[in-house]
Amino acid sequence: MLIKFNNIEEKIITLRNEKVIIDSDVAELYGVETRDINKSVKNNPDKFPEGYVFELDKQEVEDLRWKISTTKWSSKSRVLPKAFTEKGLYMLATILKSQKATQTTIAIIETFTKIRELSRTVSELAEVKDESEQKSLMQKSGEIISDILGEEMKTTDTETTVEINFAVLKFKHTIKRKTDK
């Protein structure tokens, strides 16, 4: 089974100013138990230095429980969830060697890369004054968005418009596709 962008993108959250995926979500993506993910970290501490994985504190767990409105983390659990940064996920991939782990790791890497590239392009767009350079960056952003959303969009003879409003900039990209008959 191929892992889709949306399956991963929805699991990426921001904690401590880092884009991370929580251990239970990593386990779900890899098709293993959360305890297996955490055991891998515990058994390979040299592969997970600071900045690769961190344990959430009780307040972060409560905030997430409220924000996501989930009972994913039991208040009776003795173990606090761990959050994996992009680097931690790469390292985890060197330990989990199944076919699904490999496919998932590739999809995760692609997802983080696309998010970072879109963020960089939008930041540049806000700073550029030259109109032709703005158009070029808007086209590049549109291509990234199209790439991200492409598989999920229904293809028809009509136009699909993606409109994103960034406080200082309104970005509109139209994608035209024809159905294969």
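How much of the accessible surface of the protein chain belongs to carbon and sulfur atoms? The surface comes to about 11,800 Å², and 49% of that belongs to carbon and sulfur atoms. Keep in mind that you're looking at a predicted model.

Let's start with the overall layout. The protein chain has seven helices and six strands. Reading from the N terminus, you'd meet them in the order α-β-β-α-α-β-α-β-α-α-α-β-β. Out of 181 residues, 39% count as buried. If you take the contacts between residues at least 6 apart in sequence, 60% of them join residues at least 24 apart.

Now for the strands. β1 (residues 13–15) and β2 (residues 18–22) run antiparallel and are joined by three bridges. One of the pairings is L15 with E18 in β2. The hairpin they make has two residues between the strands, and R16 takes a positive phi near 50° there. β2 also runs antiparallel to β4, with two bridges joining them. Here I21 has F84 of β4 as its bridge partner.

F84 turns up again in the aromatic pair, the one such pair that a search of the whole structure finds. The ring centres of F48 and F84 are 6.3 Å apart and the planes sit at 80°, so this pair is edge-to-face. F48 is in the loop between α3 (34–43) and β3 (53–55), while F84 is in strand β4 (residues 82–84), 36 residues away along the chain. Both of these residues are buried.

What about charges? Side chains of opposite charge can pair when their charged atoms come close. The whole structure has five salt bridges, and here are some of them:

| Salt bridge | N to O distance |
|---|---|
| E28 and K11 | 3.2 Å |
| R16 and E60 | 2.8 Å |
| E55 and K82 | 3.9 Å |

Take E28 and K11, which meet in a salt bridge. E28 is in helix α2 (residues 23–30) and K11 in the loop between α1 (5–9) and β1, 17 residues apart. K11 has 10% relative accessibility, so it counts as buried.

R16, our hairpin residue, forms a salt bridge with E60. R16 lies in the loop between β1 and β2 and E60 lies in helix α4 (residues 58–68), so the pair ties together parts 44 residues apart in sequence. R16 is partly exposed at 43% relative accessibility, whereas E60 is buried at 13%.

Then there's E55 with K82. This pair links strand β3 to strand β4, across 27 residues. E55 is partly exposed, with a relative accessible area of 42%, but K82 counts as buried at 16%.

Methods: Residues numbered from 1 in each chain as written. Predicted model: local features only at pLDDT ≥ 70, side-chain atom pairs only at ≥ 80, totals over all residues. Heavy atoms only, no water. Phe/Tyr/Trp six-rings, centres within 6.5 Å; stacked < 30°, edge-to-face > 60°. Helix = DSSP H or I, 4+ residues; strand = E, 2+ residues; numbered from the N terminus. Buried < 20%, exposed > 50% of the residue type's maximum accessible area, 1.4 Å probe, protein only. Pairing = 2+ DSSP bridges. Contact = heavy atoms within 4.5 Å. Areas by Shrake-Rupley, 256 points an atom, 1.4 Å probe, with all protein chains shown as cover. Salt bridge = Lys/Arg side-chain N within 4 Å of Asp/Glu carboxyl O.
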